[in-house]
Amino acid sequence: MSTTYTVLMLNGPNLGRLGMRKPEIYGTTTLADIETAVREQLGPQGSLIAVQSNAESVLIDALEAHRECFGAIVNPGALMMAGWSLRDALEAFERPWVEVHISNVYARESFRHHSVLSAIATGQISGLGTEGYTLAASYLRRAWERTANA
């Protein structure tokens, strides 16, 4: 096993505006702040490739281009409800990945209560604010450490 690992972080539509968009729901932390926190959580052996796009195809292209990554953190935004192409790409990813949502999607409008991605995710974190990203990074770091020490 390699002595280093890489995690892919995908953020879908409107997440590039974190810190400005609906701070009462999403907080004031920016995506750049989240990327810094995730890098710190991954530790010195980990590296991060971060991609944010409002276009589903860009996220799919990133998955295909970075198949060698150990795992992924995915906040699909609204693509959680209709991102069938993204679902197919994630199903083919064959690595551990965690679906993250900043807000508790189950405490919001009913149309947000179903994710087309959740059934194929390794796990899901919802409603813990931007800390959900670092929790997902912690999980992936520990998973990598288990495989590296096996």
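# Helices and a sheet in a predicted model

Colleague: Tyr26 has its place in which helix?
Modeller: This is a predicted model. Residues 23-26 form a helix, and Tyr26 has its place there. That helix is α1.

Colleague: Is Tyr26 buried or exposed?
Modeller: Its relative accessibility is 10%. Buried means under 20%. So Tyr26 counts as buried.

Colleague: What distance separates the C-alpha atoms of Tyr26 and Gly127?
Modeller: Along the chain, Tyr26 and Gly127 are 101 residues apart. In space, their C-alpha atoms are separated by 9.7 Å.

Colleague: In what order do the five strands of the open sheet run?
Modeller: The pairing in this sheet is parallel. Its edge strands are β2 (46-52) and β5 (123-126), and each pairs on one side only. Neighbouring strands are turned by 20° against each other on average, direction ignored. The order is β2-β1-β3-β4-β5.

Colleague: Which residue in β3 is the bridge partner of Asn11?
Modeller: Strand β1 covers residues 5-11, and strand β3 covers residues 71-75. They pair in the parallel sense over five bridges. For Asn11, the bridge partner in β3 is Asn75.

Colleague: Which strands does α3 touch as it packs on the sheet?
Modeller: Helix α2 also packs on the sheet, touching β1, β2 and β3. The direction of α2 makes about 155° with that of β2. Helix α3 (residues 56-65) has a direction about 170° from that of β1. The strands α3 touches are β1 and β2.

Colleague: Are α2 and α6 roughly parallel or roughly antiparallel?
Modeller: Helix α2 (residues 31-42) and helix α6 (residues 131-148) pack at an angle of about 25°, with their axes 9 Å apart. Angles under 35 degrees count as roughly parallel. So α2 and α6 are roughly parallel.

Colleague: Is the crossing of α2 and α6 left-handed or right-handed?
Modeller: Contact residues include Ile34 and Val38 in α2, with Tyr133 and Ala137 among those in α6. By class, this contact has six nonpolar, three polar and two charged residues. The crossing of α2 and α6 is right-handed.

Colleague: How many nonpolar residues does the contact of α3 with α5 have?
Modeller: α3 and helix α5 (residues 84-93) pack at about 10°, with axes 9 Å apart. They are therefore roughly parallel to each other. Glu56, Leu59, Ile60 and Leu63 of α3 make the contact with residues of α5 including Trp84, Leu90 and Phe93. By class there are one polar, one charged and, for the nonpolar residues, eight.

Key. Residues numbered from 1 in each chain as written. Predicted model: local features only at pLDDT ≥ 70, side-chain atom pairs only at ≥ 80, totals over all residues. Heavy atoms only, no water. Axes fitted to C-alpha atoms, helices over the stretch in contact; angles between N-to-C directions. Helix = DSSP H or I, 4+ residues; strand = E, 2+ residues; numbered from the N terminus. Parallel < 35°, antiparallel > 145°, perpendicular 65-115°, else oblique. Left-handed = near helix turned anticlockwise from the far one by under 90°. Contact = heavy atoms within 4.5 Å. Nonpolar A, V, L, I, M, F, W, Y, C, P; charged D, E, K, R; others polar. Pairing = 2+ DSSP bridges. Buried < 20%, exposed > 50% of the residue type's maximum accessible area, 1.4 Å probe, protein only.
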